[in-house]
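The following paragraphs offer a guided reading of one protein model, moving from the chain as a whole to individual residues. Please keep the sequence and the coordinates at hand while reading.

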Amino acid sequence: MNRLNNKTVLITGATSGIGKSCARYFASEGANLVLFARREHLLDEVKNELKKLTEGDIYTSPCDITNYKNVQQVVSALPEQLKKVDILVNNAGLAKGLEPIADGLPENWDVTIDTNVKGLLYVTKEIVKGMTERNSGHVINIGSTAGHDVYPNGGVYCATKYAVKAITQTLRIELVATSIRVTTIDPGLVETNFSNVRFNGDSERAKNVYKGITPLTPDDVADAVLYAATRPPHVSINEVILTPVNQANSNFVHKVKAD
Ligand code: 8X3
């Protein structure tokens, strides 16, 4: 389908996992894409893959969203025809470490807070300005079940996702007199590189997180993002929480033991 022809969608963290799936889903709806991520060679790979799916524009730019100056530069360097972002998908996010607060590493906290909270704020600030001037747009944040229930050893990551919920709700109130929609899509267990990053490349430990359950896929989440983005303009999907069927929330997960 081509429900988003002529719409411009900006996605952060677009080279892997949920961000990359969102890019594919929006490309297959004919949208123009602006893709941000840290690594240029991965952006090139994604761009080449997506070119086959869409005749829309695909523009990629390396961006360190934790650096406000860099976000300002990259946004102001957008090509003229892509400056009017219709849909912003704030996807970039990560967790580093899984320890009690007393044992946590401040450098892990810094990168998690800088990316998930400050990075999301920086990009939102730069993009919502234009949306407000045009009285049109849609901000879609990728939150988490970790923004609804905390779990032991996840304190800082959970704090960042509670922050995403707070920012989403605040923005929705601030923009209530406009036509701009604000959504948060909050998944539970999704099998991506997330746990690998959390456990610093310990792939055995990462795999264990998803053992005994059928986790969500990045496409499941992208499907929810696209649903929110394709409702009629008077409908705001404010919040979607999605989990695998055997996950009730952050703390209640039914896993089948291997024989
Ligand atoms: C990721 C889900 O359960 O690892 O946002 O916190 S969880």
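About 12,700 Å² of the chain is exposed, and carbon and sulfur atoms supply 51% of that area. The model is a predicted one, and every value in this account is to be read in that light. Of the 259 residues, 48% count as buried. The secondary structure comprises 8 helices and 7 strands.

The overall dimensions can be set out next. The C-alpha trace spans about 55 × 35 × 35 Å along its principal axes. For a chain of 259 residues, a compact globule would have a radius of gyration near 18 Å; the chain has 18 Å, so the value agrees with that expectation. The contacts add a view of the fold in terms of sequence separation: among those between residues at least 6 apart in sequence, 72% join residues at least 24 apart. Several individual residues illustrate such long-range connections.

The discussion may begin with G17, which belongs to helix α1, residues 17-27. The C-alpha atoms of G17 and F194 are 8.2 Å apart in space, although 177 residues separate the two in sequence. Beyond its neighbours up to four places away in sequence, G17 touches T192 and P218. G17 has a relative accessible area of 25% and therefore counts as partly exposed, since that class begins where the buried range, under 20%, ends.

Helix α6 supplies another long-range connection through V197. V197 and A95 lie 102 residues apart in sequence, with a C-alpha to C-alpha distance of 7.0 Å. With neighbours within four places set aside, V197 is in contact with L94, A95 and K96. The relative accessibility of V197 is 27%, so this residue also counts as partly exposed.

What surrounds Y151, in the loop between β5 and α5? Leaving aside neighbours within four places in sequence, Y151 is in contact with L98, A146, Y157, C158, R198, S250 and N251. One of these, N251, is 100 residues away in sequence, and the C-alpha atoms of Y151 and N251 are 6.4 Å apart. Y151 is classed as buried because its relative accessible area is 18%, which falls under the 20% limit.

R198 connects two of the tyrosines already named. The side chains of Y151 and R198 are joined by a polar contact of 3.0 Å. The charged end of R198 also sits over the ring of Y157, at 5.3 Å from the ring centre. Y157 is itself among the residues in contact with Y151.

Attention now turns to aromatic pairs, of which the structure holds 2. One of them is formed by Y68 and Y122, whose rings are 5.2 Å apart centre to centre with 45° between their planes, a tilted arrangement. This pair links distant parts of the chain: Y68 is in helix α3 (residues 68-76) and Y122 is in helix α4 (residues 106-134), 54 residues apart. Y68 counts as partly exposed because its relative accessibility is 24%.

Strand β5, residues 138-142, contains H138. Is H138 buried or exposed? H138 is buried, because its relative accessible area is 3%, under the 20% limit. Apart from residues up to four places away in sequence, H138 touches D86, I87, L88, M131, I180, R181, V182, T183, A228 and A229. With T183 there is also a polar contact between the side chains, at 2.8 Å.

Two asparagines complete the account through their backbone geometry. Most residues other than glycine have a negative phi. N6 has a positive phi near 70° and is not a glycine. N6 is located in the segment before β1 (8-12), and at 70% relative accessibility N6 counts as exposed. N200 likewise has a positive phi, of about 55°, although it is not a glycine. The loop between α6 (194-198) and α7 (203-209) holds N200. The relative accessible area of N200 is 67%, so N200 is exposed, the threshold for that class being over 50%.

Key. Residues numbered from 1 in each chain as written. Predicted model: local features only at pLDDT ≥ 70, side-chain atom pairs only at ≥ 80, totals over all residues. Heavy atoms only, no water. Phe/Tyr/Trp six-rings, centres within 6.5 Å; stacked < 30°, edge-to-face > 60°. Helix = DSSP H or I, 4+ residues; strand = E, 2+ residues; numbered from the N terminus. Buried < 20%, exposed > 50% of the residue type's maximum accessible area, 1.4 Å probe, protein only. Lys NZ or Arg CZ within 6 Å of the ring centre and 35° of its normal. Rg over C-alpha atoms; globule rule 2.2 N^0.38 Å. Contact = heavy atoms within 4.5 Å. Areas by Shrake-Rupley, 256 points an atom, 1.4 Å probe, with all protein chains shown as cover. Polar contact = N/O pair within 3.5 Å; in protein donor to acceptor, adjacent residues only side chain to side chain.
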